[in-house]
Amino acid sequence: MDFTGRAVIVTGAGSGIGRAAARLFADAGARVLGVGRREDALKATAADHPRIAVHPADLRTPATAREVIGEAFHRMGRLDVLVNNAGATKMMPLAETSAEGIAGLFDLNVTAPSLLASAALPHLRQAKGTIVNVSSTYGHRPLPGAAHYAASKAALEHLTRSWALELAADGIRVNALAPGPTESEALTAAGLPQPVVEQIKQDEAARIPLGRRGDPEEVATWILRLADPRTTWLTGQTLTLDGGLELA
Ligand SMILES: NC(=O)c1ccc[n+]([C@@H]2O[C@H](COP(=O)([O-])OP(=O)(O)OC[C@H]3O[C@@H](n4cnc5c(N)ncnc54)[C@H](OP(=O)(O)O)[C@@H]3O)[C@@H](O)[C@H]2O)c1
């Protein structure tokens, strides 16, 4: 894949799938702006990758979206690809559901991608660019104990379809990637203790037909394929990449 001369924003670029995507885009010739809260993690992503610039910011703050898009245009002079990858999961059984818990998930998983896409629109129109939203197998499968995470990803998948139609006349393609359980910081970031994280990983690997959790690079490569300028006729779709989990 060749992204030479293209400008890309990857949110959540300080770890996991976002870090792998930022590096793969840079390796493919793109200039990349990586966004996340931890500057040190973003800098580690950018180490040895001079085409990756970093912008530490909290995407749960609504004003961040315009700031990120402004920074990207200022640095790169164009915007071809917006990857809405930053996201969080949270175990929240119905009996323990709180307004704060729901808002925290939706602010990051739904509102932030929406505000970023909105702010990016003039530049994406100019470049006939593309948006890739990172959902989850559980964006279209039930997830007992974490229903609001699943619902936030279902919302993102539906936004993907609606935006694809809304923006088709502008030549902007919008697709989603729905990974299954993948090695990353997601479970730790959800505040789960390490023994629980290890147990969940084992259980997930056992349920996945291909017998293992995903690797961030093998997931991120599909973000690039969806965004590839040569992928010209694909829009409004959600690609599930999960070792067969959604079928099991
Ligand atoms: N790993 C999986 O099993 C899996 C499965 C399905 C879907 N996904 C989805 O894949 C995407 C990437 O997750 P991952 O697995 O790579 O997990 P991860 O390693 O936890 O990455 C999430 C990234 O989002 C950033 N982030 C979190 N809150 C943020 C905020 N408020 N503002 C800005 N950035 C924020 C984090 O950086 P900071 O903490 O520095 O902000 C982190 O780098 C997420 O949307 C996730 O829901 C993951």
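**Ligand shell and helix packing in the predicted model**

By class, the residues that surround the ligand comprise ten nonpolar, twelve polar and six charged members. The structure is a predicted model, and the description below refers to that model. Among the 28 residues around the ligand, those that come nearest are S15, R37, R38, N85 and S184.

Several polar atoms of the protein lie beside the ligand. An N or O atom in the side chain of R37 is found 2.8 Å from an oxygen atom of the ligand. On the nitrogen side, a nitrogen atom of the ligand has a polar side-chain atom of D58 at 2.8 Å. The backbone also takes part, with a polar backbone atom of G12 placed 3.5 Å from a ligand oxygen atom. Taken alone, the ligand has 870 Å² of accessible area, of which 93% is covered by the protein. Two or more residues of the shell are contributed by each of the elements α1 (16-27) and α5 (147-168).

A helix pair was also examined. Helix α3, spanning residues 64-76, packs with helix α4, spanning residues 99-127, at an angle of about 35 degrees, and the two axes are 8 Å apart. The crossing of α3 and α4 has right-handed geometry. From α3, the contact is formed by A65, R66, V68, I69 and F73, while α4 supplies L115, L116, A119, A120 and H123. The residues of this contact are divided into eight nonpolar, one polar and one charged.

Conventions. Residues numbered from 1 in each chain as written. Predicted model: local features only at pLDDT ≥ 70, side-chain atom pairs only at ≥ 80, totals over all residues. Heavy atoms only, no water. Axes fitted to C-alpha atoms, helices over the stretch in contact; angles between N-to-C directions. Helix = DSSP H or I, 4+ residues; strand = E, 2+ residues; numbered from the N terminus. Left-handed = near helix turned anticlockwise from the far one by under 90°. Contact = heavy atoms within 4.5 Å. Nonpolar A, V, L, I, M, F, W, Y, C, P; charged D, E, K, R; others polar. Near = heavy atom within 4 Å. Polar contact = N/O pair within 3.5 Å; in protein donor to acceptor, adjacent residues only side chain to side chain. Areas by Shrake-Rupley, 256 points an atom, 1.4 Å probe, with all protein chains shown as cover.
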